[in-house]
Amino acid sequence: MKLMVVKLHNRTGEDTDFVDIDINDVNYFDLWEKSSGQILAFHTSEGSYLALSTLKEAHAVFRIYGFELFDRSTGVNKHKVRDTELIEDGSIVNFKDGSHVIVRKKIY
């Protein structure tokens, strides 16, 4: 199984900070303490990596698959959107499978 993670050390701020690791290459995992809490850390022979823990990290990784941040807390796969509806406080994003999410931004 592959895991999308971010380097713990020597980050450059580029897309290369994000890598796929194979779970079979993990020597051990533990909780790494960060000012915002604890994050799962994976340690391999090649280095140490953190689980994705922020929307910014997730968007950096998933944008190539069509995800866009529709507001400050929601990443949406644009390929799955059927339509959007304006509401007073934002928009309803309707998906092709019949599900939906409410976002706090007007999507036209």
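## Aromatic pairs, largest pocket and selected residues

Phe62 is partly exposed, with 32% of relative accessible area. The structure discussed here is a predicted model, and the account below begins with the aromatic rings.

A pair of aromatic rings is described by the distance of the centres and the angle of the planes. In this model the count comes to 2 aromatic pairs. One of them joins Phe29 and Phe42, whose ring centres are 6.2 Å apart with 50° between the planes, a tilted arrangement. This pair links distant parts of the chain, as Phe29 belongs to strand 3 (residues 26-34) and Phe42 to strand 4 (residues 37-44), with the two positions 13 residues apart in numbering. The two partners stand on opposite sides of the burial scale: Phe29 is exposed at a relative accessible area of 54%, whereas Phe42 is buried at 8%.

Phe62 and Phe67 also pair, and their planes meet at 50° with the centres 5.9 Å apart, so this pair is tilted. Phe67 is partly exposed, because its relative accessibility of 30% lies between the 20% and 50% limits.

The accessibility values of the four phenylalanines and of three further residues are collected below.

| Residue | Relative accessible area | Class |
|---|---|---|
| Phe29 | 54% | exposed |
| Phe42 | 8% | buried |
| Phe62 | 32% | partly exposed |
| Phe67 | 30% | partly exposed |
| Glu68 | 30% | partly exposed |
| Asp22 | 19% | buried |
| Asn10 | 68% | exposed |

Attention now turns to the empty space. Rolling a probe the size of a water molecule over the atoms shows where empty space is left. The largest pocket has a volume of about 200 Å³. Its lining includes Val6, Arg11, Asp15, Phe18, Lys56 and Arg63. Helix 1 (residues 55-62) gives the most to this lining, contributing 3 residues. By character, the lining of the largest pocket divides into 7 charged, 3 nonpolar and 2 polar residues.

Two acidic residues can be followed in more detail. Glu68 lies in strand 6 (residues 67-69). With residues up to four places away in sequence not counted, Glu68 touches His59, Thr74, Gly75, Val76 and Lys78. With Lys78, the side chain of Glu68 also makes a side-chain polar contact of 3.4 Å. Glu85, by comparison, is 17 residues from Glu68 in sequence, and the C-alpha atoms of the two are 17 Å apart in space.

Asp22 is found in strand 2 (residues 18-22). Asp22 counts as buried because its relative accessible area of 19% falls under the 20% limit. Apart from neighbours within four places in sequence, Asp22 is in contact with Met1 and Lys2. Its side chain also reaches the backbone nitrogen of Asn24, at 2.8 Å. Between Asp22 and Thr44, which are 22 residues apart along the chain, the C-alpha separation is 9.5 Å.

A backbone feature completes the report. Asn10 is not a glycine, yet it has a positive phi of about 60°. Asn10 is placed in the loop between strand 1 (2-7) and strand 2. Asn10 is exposed, because its relative accessibility of 68% is over the 50% limit.

Definitions and conventions: Residues are numbered from 1 along each chain as its sequence is written. This is a predicted model: local features need pLDDT of at least 70, side-chain atom pairs count only at pLDDT 80 or more; totals for chains, interfaces and linings use all residues. Side-chain values use heavy atoms; hydrogens and water are left out. Rings of Phe, Tyr and Trp (its six-membered ring) pair if their centres lie within 6.5 Å; planes under 30 degrees apart count as stacked, over 60 as edge-to-face and the rest as tilted. Helices (H or I, at least four residues) and strands (E, at least two) are DSSP runs, numbered from the N terminus. Buried means under 20% relative accessible area, exposed over 50%, partly exposed in between (1.4 Å probe, protein chains only). On a 1 Å grid over the protein atoms alone, a cavity is a set of points where a 1.4 Å probe fits but cannot get out, and a pocket is an open set with protein on both sides within 12 Å along at least five of seven lines; lining residues have an atom within 4 Å of a point. Grid points are joined across faces, edges and corners, and a volume is the space filled by probe spheres set on the points. Ala, Val, Leu, Ile, Met, Phe, Trp, Tyr, Cys and Pro count as nonpolar, Asp, Glu, Lys and Arg as charged, and the others, Gly among them, as polar. Contact means heavy atoms within 4.5 Å. A polar contact is a pair of N or O atoms within 3.5 Å; within protein, one must be able to donate a hydrogen and the other to accept it, and residues adjacent in sequence count only if both atoms are side-chain atoms.
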